[in-house]
Amino acid sequence: MPARFTQDDAQIVRVLTDWYLLTAEEVSLLTSRNIVSVRNRLRVLGFEPRKRGPWTTDGLQYLYTTAYERMGAVLHYPAQKAFDFAFDEGWLSNRVHGGKRDLAKLPHDRRVVQFRFLLRHFLGDRLHATQHYYNVYDNWGEGPDDHIMSDLFFYYVADNGRYPPFFTEIENTAEHSY
């Protein structure tokens, strides 16, 4: 029996295209869905074939899954098919190109997600954040490196009704090794 894409799957795809690199527990938290059903649907949305009795069913290929020992959990992130679906649904204002992530960059990417969760904890629904727009500021010089590649752009609705914007750049350097 082939796998089907459901409305609940659309909710999971929306969360993952917005947040990128999440565990099943985080997807469950963000969607307010049962962890068991989230794990099952993440398996269906992935690339790996699933054994269902005498049949083997291919995944729907919306998500990549990686077991990363340093993170201590299985991480899920969107494939190009998920970004295309999100754009078609109007959840993204621009097309986003996604592919397999480099395992060496996962600790950096997880720090961005963890920072965003901290912001969400303190600001709640007032937080509006995106990780889709990388070249935020590029007007201070002529050189090829005279721009800032932002990891996270966010703003929140302040008590006075204003929207102060911020961007976050988490440097991925080897300063700890010397």
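**Strand pairing, helix α3 and nonpolar cores**

Strand β5 (residues 127–130) is paired with strand β8 (residues 152–156) in the antiparallel sense over four bridges, strands being DSSP runs of E of at least two residues and helices runs of H or I of at least four, numbered from the N terminus. Two strands are taken to pair if DSSP finds at least two bridges between them. The structure is a predicted model, in which local features need pLDDT of at least 70 and side-chain atom pairs count only at pLDDT 80 or more, whereas totals for chains, interfaces and linings use all residues. Residues are numbered from 1 along each chain as its sequence is written, and side-chain values use heavy atoms, with hydrogens and water left out.

Strand β8 also pairs with strand β9 (residues 165–168), again in the antiparallel sense and over four bridges. Y155 in β8 stands opposite H128 and also opposite P165 in β9.

The protein chain contains five helices and nine strands, in the order α-α-α-β-β-β-β-α-α-β-β-β-β-β from the N terminus on. Of its 178 residues, 38% are buried (under 20% relative accessible area with a 1.4 Å probe, protein chains only). Among contacts (heavy atoms within 4.5 Å) with a separation of 6 or more, 48% link residues 24 or more positions apart. The exposed area of the chain is about 11200 Å², with carbon and sulfur atoms supplying 51% of it, as computed by the Shrake-Rupley method with a 1.4 Å probe.

In helix α3 (residues 35–45), the buried residues are V38, R41, L42, V44 and L45. Viewed down the axis of α3, these residues fall within an arc of 160 degrees, and they therefore line one face of the helix; the arc is that of the directions from the helix axis to the C-beta atoms. At the start of α3, a side-chain oxygen of N34 comes to within 2.6 Å of the backbone nitrogen of V36.

The largest nonpolar core (buried Ala, Val, Leu, Ile, Met, Phe, Trp, Tyr and Cys residues joined through side-chain atoms within 4.5 Å) comprises 32 residues, of which L16, W19, L21, L22, L42, L45 and Y62 touch the most other members. At least two residues of this core are supplied by each of α1 (7–19), α2 (24–31), α3, β3 (63–68), β4 (73–78), α4 (80–89) and α5 (106–123). Helix α1 provides the largest share, six residues. Apart from this core lies another, of eight residues, including L119, L123, L152 and I170.

How values were computed. Buried means under 20% relative accessible area, exposed over 50%, partly exposed in between (1.4 Å probe, protein chains only). A polar contact is a pair of N or O atoms within 3.5 Å; within protein, one must be able to donate a hydrogen and the other to accept it, and residues adjacent in sequence count only if both atoms are side-chain atoms.
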